[in-house]
Protein chains: 2
Amino acid sequence: MHSLNSLPVLPIVALRIDPWSSTTIKEYEKLFAYFGIKPFNEVLPELSELVEPHPLMRRGVVFGHRDFRNFLQVIKSGGKAAILTGLMPSGKMHLGHKMVIDQLVYYQKVMKAKVFVAIADVEAYAVRKKSRKEVIESALNEYIPNYLALGLDPEKTVIYFQSNYRPEYYRLIQLFSRKVTLAEMQAIYGQDLGPAKIMAALTQAADILHPYLNEFGGHDIVLVPVGADQDPHLRLARDIADRYSNDIRLGRPASTYHRLMTGLTGDKMSSSRPDSYIALTDPPEEAAKKVMRSLTGGRATAEEQRKLGGEPQKCPIFELNAYHLIPDDNELRKLYEDCVSGRILCGRCKKETAERLKEFLKEHQERLNSVKDLVKEVVKPPAF
Amino acid sequence: MHSLNSLPVLPIVALRIDPWSSTTIKEYEKLFAYFGIKPFNEVLPELSELVEPHPLMRRGVVFGHRDFRNFLQVIKSGGKAAILTGLMPSGKMHLGHKMVIDQLVYYQKVMKAKVFVAIADVEAYAVRKKSRKEVIESALNEYIPNYLALGLDPEKTVIYFQSNYRPEYYRLIQLFSRKVTLAEMQAIYGQDLGPAKIMAALTQAADILHPYLNEFGGHDIVLVPVGADQDPHLRLARDIADRYSNDIRLGRPASTYHRLMTGLTGDKMSSSRPDSYIALTDPPEEAAKKVMRSLTGGRATAEEQRKLGGEPQKCPIFELNAYHLIPDDNELRKLYEDCVSGRILCGRCKKETAERLKEFLKEHQERLNSVKDLVKEVVKPPAF
């Protein structure tokens, strides 16, 4: 068993990119203060007693939760746990997306949880006004193959299009419409709320809650690992679950919240700016070049950096290593210390990171090739 | 072939209960003036060239239509026609409901059309706040058996619960949400429009339009026979169909509009007032008593009535005969003339009507017993 005590010199705060200072973090603080999200580190000891926490958890990337203890309780007592995630097929799948899949794979392998992947093709069409065809093709050719290549076990995973599922799922959407008011949804999603957003929101509530139904396995808890911006859906789903406690076999979902990745350009990692992200299908050499061009937490001059040390907590390259490329805590700690002490400068660090990235992409893309034929066996696309 | 010319002395207007004078009829006139509904008698000649029109059509009970000519065109050219109706399981099924089924059976037998019956359990739950269990049981034990006993052919009928159908149907609901605005729905359904009503309205649009999809038979036209109060759903479905003309195989539905039955108490025939209706499962003797207690179009005294004649156009008993109990036009015309001339008074007329009704109910209830076991073969109820 892993114990947190083995990481005494790894300052979790220092590994929290942009810790507690930027406006982003102020948003995170609001989540704690206003919405009842709890710091994840309060449940780390309990998780550690059970299994080794995932690196993203140990390193504070997963920073918050709701009712994670209930999830652990189900695992401990041998109950049935489900993990739910939604994916919005849009552009290329990149390392920002990978964080969620890594968690899914972890829960599946380590906790024996069943994973549900909702392809949000309805939201993509109705709210984001995307073309049906592009969305469906992007899910089938880009997202799902990458999910499988990242290690998701098709045997223990249900992957479905929101527009092509079973009647009990749609029944939930229909029934939920009775017990949610327009005013309540406006309070959560804003005033500008038409039929499309209402449909998308009720659909997401069904995504989150349907694994409780006997028809979908009768799970004892659903855990939803999300980026911090997705909390409104969780709040709605929790409220709805409470209202049906006497009528339908539903329960309050648990959730965890992770930080969003910083892009290599210093702002958010976004599908709309290719230089900001590393796509999982980027040719390794091209990805390496993006790393070499990236912003860092380095100082103005080499001399200054040797004296003051770098600032890994502000560095997208350090983030790449911490989130994705260095699974070993000791190795990551060494990099951190070498950086803050000025022993390693950005040039060398970037080169080493680029090597790690190339290696990862090469292996990933080999796996990708080997799973492509699996896709049609694991998900049934809608005909229109 | 039947020709309208064989009914020269049967004044259609006289057979229109409450013709063109009451507020109800003013509402009907509004339908013509504001909403583009056309008088049904303008298509009667074309229909008559093809087949014998249904008594409800010949007698002006079916009084309006949209695009009925397109429907006839499909029939003439050997295309695929679907008839769609929705049923709201609520209380006992009575003669007011029977009018729709009679039309379904007619289209099925005479026009070889496929019939779709949507059980509006979602609307019943979400908008009318009924209990799921009661709605489902009412559909299975009361409505569907009566539909079958009235002659609907299970082989040529699709009966489904809105909450228990196929994914392509739900996909329509989801996709429709993109192309309808809140303001537009408010213009049709009123300002007080929350998630439940929005869901019910989009669901009704999918009910109406789904038979166009290849997955449901790829019909060339859908015809919806409805009471005049149901037109908003048709308007929405037509607008939606137009917006998808490039994307999805949908079409503009045709529709017909029939008058609502007058209750035996003189107001609307309503499930909430047992004395106002004849239920299809009323014991025949009890139904006969309701007839004997009914309001009529009779005069204050027998003497006055012998002199002035009765007023069949105001008479729920005459309506019973015209809508349900006297299929033969000559026989009905004779009753009409005997009444307006004062040759028959209400006492005798009621007795004869009660006898006809008893006979009908006796036979119907025998058929009902023989079809009850069929129900579970023709419709799959939702488990919750």
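Here are some exercises with worked solutions on a predicted model of two chains, A and B.

**Exercise 1. The symmetry of the pair**

Task: find which operation lays chain B on chain A, and name the relation.

Solution. Let's begin with the general idea: two copies of a chain are related by a rotation about an axis and a shift along it.
- Step 1: superpose the copies, and the fit of chain B on chain A has an RMSD of 0.0 Å.
- Step 2: read off the operation, which is a turn of 180° with a shift of 0.0 Å along the axis.
- Step 3: name the relation, and you have that of a two-fold axis.

**Exercise 2. The surface between the chains**

Task: work out how many residues each chain gives to the contact, and what classes they belong to on the side of chain B.

Solution.
- Step 1: count the residues on both sides; chain A gives 26 residues and chain B gives 26 residues.
- Step 2: look for the helices involved. On the side of chain B that touches chain A, helices H7 (121-126), H9 (167-176), H10 (182-189) and H11 (195-209) of chain B each supply at least two residues.
- Step 3: sort the residues of that side of chain B by class, which gives 18 nonpolar, six polar and two charged.
- Step 4: compare the two sides. Since 100% of the interface residues of chain B are also interface residues in chain A, the copies meet through the same surface.

**Exercise 3. A helix meets its copy**

Task: describe how H11(A) and H11(B) cross, and list the residues that make the contact.

Solution. Two packed helices are described by the angle between their axes and the distance between the axes.
- Step 1: take the distance and the angle; the axes of H11(A) and H11(B) come within 11 Å, with a crossing at roughly 100°.
- Step 2: classify the angle. Angles of 65 to 115 degrees count as roughly perpendicular, and H11(A) and H11(B) are therefore roughly perpendicular to each other.
- Step 3: name the residues. H11(A) contributes Pro195(A), Ile198(A) and Leu202(A), while H11(B) contributes Pro195(B), Ile198(B) and Leu202(B).
- Step 4: sort them, and this contact has six nonpolar residues, no polar and no charged.

**Exercise 4. The sheet and the helix on it**

Task: give the strand order of the sheet in chain A, find its edges, and place H11(A) on the sheet.

Solution. Strands of a sheet pair through backbone hydrogen bonds, either parallel or antiparallel.
- Step 1: write the order. The open sheet of chain A has seven strands, S1-S2-S7-S6-S3-S4-S5, and the pairing is mixed.
- Step 2: find the edges, which are strand S1 (38-39) and strand S5 (157-161) of chain A, each pairing on one side only.
- Step 3: inspect one pair. Strands S3 (residues 81-87) and S4 (residues 114-119) of chain A are parallel and share six bridges, and Ala82(A) is placed opposite Lys114(A) in S4(A).
- Step 4: add the helix. H11 (residues 195-209) of chain A packs on the sheet and touches S3, S4 and strand S6 (221-227) of chain A, its direction making about 150° with that of S3(A).
- Step 5: try a pair in chain B. Strands S6 (residues 221-227) and S7 (residues 254-258) of chain B run parallel and are joined by five bridges, with Gly227(B) opposite His258(B) in S7(B).

**Exercise 5. Two helices within one chain**

Task: characterise the packing of H13(A) against H17(A) by angle, hand and residues.

Solution.
- Step 1: take the geometry. The axes of helix H13 (residues 284-293) and helix H17 (residues 346-371) of chain A come within 9 Å, crossing at roughly 150°.
- Step 2: interpret the angle. Angles over 145 degrees count as roughly antiparallel, and that makes H13(A) roughly antiparallel to H17(A).
- Step 3: note the hand, since the crossing of H13(A) and H17(A) is right-handed.
- Step 4: list the partners. From H13(A) come Pro284(A), Ala287(A), Ala288(A), Val291(A) and Met292(A), and they meet Lys350(A), Thr353(A), Ala354(A), Leu357(A), Lys358(A), Leu361(A) and Lys362(A) in H17(A).
- Step 5: group them by class, which gives eight nonpolar, one polar and three charged residues for the contact of H13(A) with H17(A).

Definitions and conventions:
Residues are numbered from 1 along each chain as its sequence is written. Chains are lettered from A and ligands numbered from 1 in the order in which they are written. This is a predicted model: local features need pLDDT of at least 70, side-chain atom pairs count only at pLDDT 80 or more; totals for chains, interfaces and linings use all residues. Copies are superposed by least squares on the C-alpha atoms of residues with pLDDT of at least 70 in both. Two residues are in contact if their C-beta atoms, placed from the backbone, lie within 7 Å. Two strands pair if DSSP finds at least two bridges between them. Helices (H or I, at least four residues) and strands (E, at least two) are DSSP runs, numbered from the N terminus. Axes are lines fitted to C-alpha atoms, for helices over the stretch in contact, and angles run from 0 to 180 degrees between N-to-C directions. Ala, Val, Leu, Ile, Met, Phe, Trp, Tyr, Cys and Pro count as nonpolar, Asp, Glu, Lys and Arg as charged, and the others, Gly among them, as polar. Angles under 35 degrees count as roughly parallel, over 145 as roughly antiparallel, 65 to 115 as roughly perpendicular and the rest as oblique. A crossing is left-handed if the near helix is turned anticlockwise from the far one by less than a right angle, and right-handed if clockwise.
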